[in-house]
Every structure is written in structure tokens, then in C-alpha cells.
Amino acid sequence: MHNTRKITDDIIWVGATDRQVQLFENLFPLAHGMSYNSYVLLDEKTALLDTVDSSISDIYMENILHALGGRELDYLIIHHMEPDHCANIEAVLRRFPDVKLVGNKTTFKFLEQFYDVHVKDNYHPVKGGDTLELGKRTLKFIMAPNVHWPEVMFSYDISDGFLFSADGFGSFSPLDGNLFSDELDFDGRIKEESRRYFVNIIGKFGSNVLKVLKKLNGLPINMILPLHGPIFRDKEHISYMIDRYRQWASYEPEQESVLILFGSMYGNTENAVGNLATMLAEKGVKNLRLYDISNTDPSLLMSEMWSYSHIVLASPNYNGDLMYKMDTVIREALRLNLQNRKISFMTNATWGGAALKTMESYFEDPKHFEIVGEPVKISSSVKVDNVPEIEALADAIVASLNA
Ligand code: FEO
């Protein structure tokens, strides 16, 4: 049985949520599944905007047929050729063999790489700035390379100011009947999961995101329709998302406070950061967050690193060097281009090692990072003798926050 919802009288959501999937891209944990959005436009011509993941193919085809109400499909617009959106292109082609596939040069290159299709006569190539007239509605194509893959493009509906934004403005989120951010817990789950999605999926490509935002400058945007998660139609939510995208893509923190990431084998390094956190709290720092990196998914740690201005990294030595999970967290953050952060260090050693040296080596570039305070060095467990140096680090962090 189909399950669709009207966005407007002539735009119908035909997506669905996969509630069995536990890891998006087999990497990122999902609490309650993942939504894959797709839209049918009913005008003088009909258009389908993207397809969906293979996990929801069955209901998807029922949804399309129901939305079309017996009409033929004139266009399939392919904003992104990653399989979570393009897995049903062949099925659409089988059902509508004359459909025009709207994409750019790279779209068709990727299509032929993924699938054994020979449908060049169906191609309707477009470039940035080109338009597609459907009748009442005209779509203008905005190239958005690397938001998330090189072929990505957005469509902008000129008459109503609707932005079809591919992965842009998406989130790790199911859709449970409520499709719009104003029907949902925007201040809680949506804000958090939008950031986690941005950082892990698009975060590396900040300069590309800023270029696309520049192209959108001055355009009235009355609705944002991404391929994952809720649709934004509330003006405040639209402004919030665009402002956050500008901030996250510029690698500017969202809040002035302290994130503490620690690894700890026997609880001694945890005890050290616990003491630091208490001292920071007593000195007035709010919204502190402290994570054990061994049992927290890196995608959440990345998201929090994008949020906080100050990051304390605390790790024991392991096999004479940095504990590998801490090494992985730092390297992944740097691969995603984390910058403009204030970093402090704590280490713990029973018989020596290069943990501190290794951590420091990752943050040597003064253009991107400022080191705050003297590293705290624990020998096996925290003693009263360590209190002054932990206190000194807390004071340095507070001074930096107040600067
Ligand atoms: Fe939702 Fe980059 O795919």
C-alpha cells in the first residue's frame, strides 16, 4: 500500500524510512532508521526528483505510481548519484522507458559506472544556470559540487522559492508521518542530527558549501527539501539552517565552552579529566561535555568537535605511543578539516611513551589551532601533587574563554 504525503497541491513526497538499517553508509549509527526523500511534481510535465535507497524500493514504486495517478513520467531529475538516491533509477527506466534523465556530465558518468545502462537517448544534460520548464513551475539548476559528491546539483523552483537541496540540509533522521521540521522536535533531535550529518557527510567540503551558499545569496528561499530528514518551511528554521551551514562550513564553533575527550584503560585518566571538569565548572564554565572515546561513536565526537570552541584531549600512552582510538579520533577530525579550535592536552604514562608528542604534532599549525595551557602529565594515577597543574590548565582554559 502506498504511503505518500502532499507538500503542496502539485508536489508529493514519495519517500520512505528504512527503520531496520543500523548504520548509514555502513558507518554512521542511526537511532531509529533513515529517511530517503523523493518528490513527484505534477505540472504540464511530470517530474520525479531523485530516487531512493534499495531498502525501500517496493513501497517507493507504489508511491510514485500513486502520485502520478496514471500519468506518464516525463523527467527524472538526478541531483546526486550516490546509491542511497540512485538505486531505483533502473526500475524507473523499466517502468517509464521514455523518461528523460536530467543530470550533468558527471551524473551520467557515475550512472554508467554504477549500472549497466545504455540509455544515452534518455539523457537531458544540464549545466549550472540552465532551467527546465515544467509548466507553471520552472526549475533552475545550481551546481553544488562536493556537497557531497562532485556531481551534486540543487534545483531551485523559481515561482515559489523552493530549494531541492540533495544531501544539503539533510539529517540522520527517520520521518514518522511528520515531514516538516515545524512538526518535529527541531530544537532537540533535528538540530543535533543535522550537525552530525553535516560534519560527517559534508564537513570536509566546507569551501564548496560556502560557494553554493554564495550562489543562493539573495534568492528567496521559502522551503528547503533535502533528500534526508525533515523539510524546512518555517522561516526561522530556514534561517537557522542556512546560518549553521555557513558557520559549520567556515569551521567556526557554535559555542564557547569546553569539550573533553578522553581515553582511559583503568579509570585513572578519566579521574584526571573528571577533576578538570569539576574545576572548570566551579570556575563558571557551563555546558561542559565529557566523552569516553572508547565507547562513543566517532561520528558523535566529530559533531561535538564542530560545536565546541575548546577541546581537551586526554589520553594514556599505549605501546609507547598514543592510544590508537585517540589517534583515530584526531586523524578523522583533521581529515574532515577541523580548524579554528583551541586545544589542550592531558596524558598519562606509567613507563613512558610518545602520546603527548604525537598529539601535539597534529596541532602544530598555528593558523588553524591555538594550544591553551601547559599539558598535564599524570604518572599512572592522579595524586594531590597533580592538582596544581590541573588547576593551572583549568585557569588557562577559563582565561582563554574569557579573552
Ligand atoms: Fe544521501 Fe551523499 O548521499
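This report covers the two domains of the structure, the interface where they meet, and a few local features. The model is predicted.

**Two domains**

The domain assignment splits the protein into domain 1 (5–249) and domain 2 (259–402). Their C-alpha centres lie 39 Å apart.

A UniProt annotation from an unreviewed entry, "domain: Flavodoxin-like", covers residues 258–403. Helix makes up 42% of residues 258–403, and strand makes up 25%. The end C-alpha atoms of that span lie 14 Å apart.

**Where the domains meet**

How many residues of each domain are in contact with the other? Domain 1 brings twelve residues, and domain 2 brings twelve as well.

The size of an interface is often given as the accessible area lost when the parts come together. Between domain 1 and domain 2, the buried area is about 980 Å². Carbon and sulfur atoms give 50% of that area. Which three residues of domain 1 bury the most against domain 2? They are Arg195, Val199 and Lys204. Together they supply 48% of the area that domain 1 buries there.

Polar links cross the interface too. Seven residue pairs are in polar contact between domain 1 and domain 2, both residues of each pair being at pLDDT 80 or more. On the side of domain 1 that touches domain 2, β5 (28–29) and α5 (186–202) each supply at least two residues. The top contributor to this side is α5, with six residues. By residue class, the side of domain 1 that touches domain 2 has six nonpolar, two polar and four charged residues.

**Salt bridges**

The whole structure holds 22 salt bridges. One salt bridge is counted between domain 1 and domain 2. The table gives two salt bridges by name.

| Salt bridge | Closest N and O atoms |
|---|---|
| Arginine 195 – glutamate 304 | 3.7 Å apart |
| Arginine 19 – aspartate 176 | 2.9 Å apart |

Arginine 195 thus appears twice in this account: it pairs with glutamate 304, and Arg195 is one of the three residues that lead the buried area of domain 1 against domain 2.

The pair of arginine 19 and aspartate 176 links distant parts of the chain, 157 residues apart. Where do its two partners sit? Arginine 19 is in the loop between β3 (16–18) and β4 (23–24). Aspartate 176 is in the loop between β15 (162–164) and α5.

**Two asparagines with positive phi**

Asparagine 146 has a phi near 70°, a positive value in a residue other than glycine. Asparagine 146 lies in the loop between β13 (138–143) and β14 (153–157).

Asparagine 319 also has a positive phi, near 50°. Its place is the loop between β19 (308–318) and β20 (321–322).

Notes: Residues are numbered from 1 along each chain as its sequence is written. This is a predicted model: local features need pLDDT of at least 70, side-chain atom pairs count only at pLDDT 80 or more; totals for chains, interfaces and linings use all residues. Side-chain values use heavy atoms; hydrogens and water are left out. Domain bounds come from an automatic or database domain assignment. Contact means heavy atoms within 4.5 Å. Buried area is the accessible area (1.4 Å probe) that two parts lose on being put together, summed over both. A salt bridge is a side-chain nitrogen of Lys or Arg within 4 Å of a carboxyl oxygen of Asp or Glu. A polar contact is a pair of N or O atoms within 3.5 Å; within protein, one must be able to donate a hydrogen and the other to accept it, and residues adjacent in sequence count only if both atoms are side-chain atoms. Helices (H or I, at least four residues) and strands (E, at least two) are DSSP runs, numbered from the N terminus. Ala, Val, Leu, Ile, Met, Phe, Trp, Tyr, Cys and Pro count as nonpolar, Asp, Glu, Lys and Arg as charged, and the others, Gly among them, as polar. UniProt positions are given in the numbering used here, feature names are shortened, and annotations may be inferred rather than shown by experiment.
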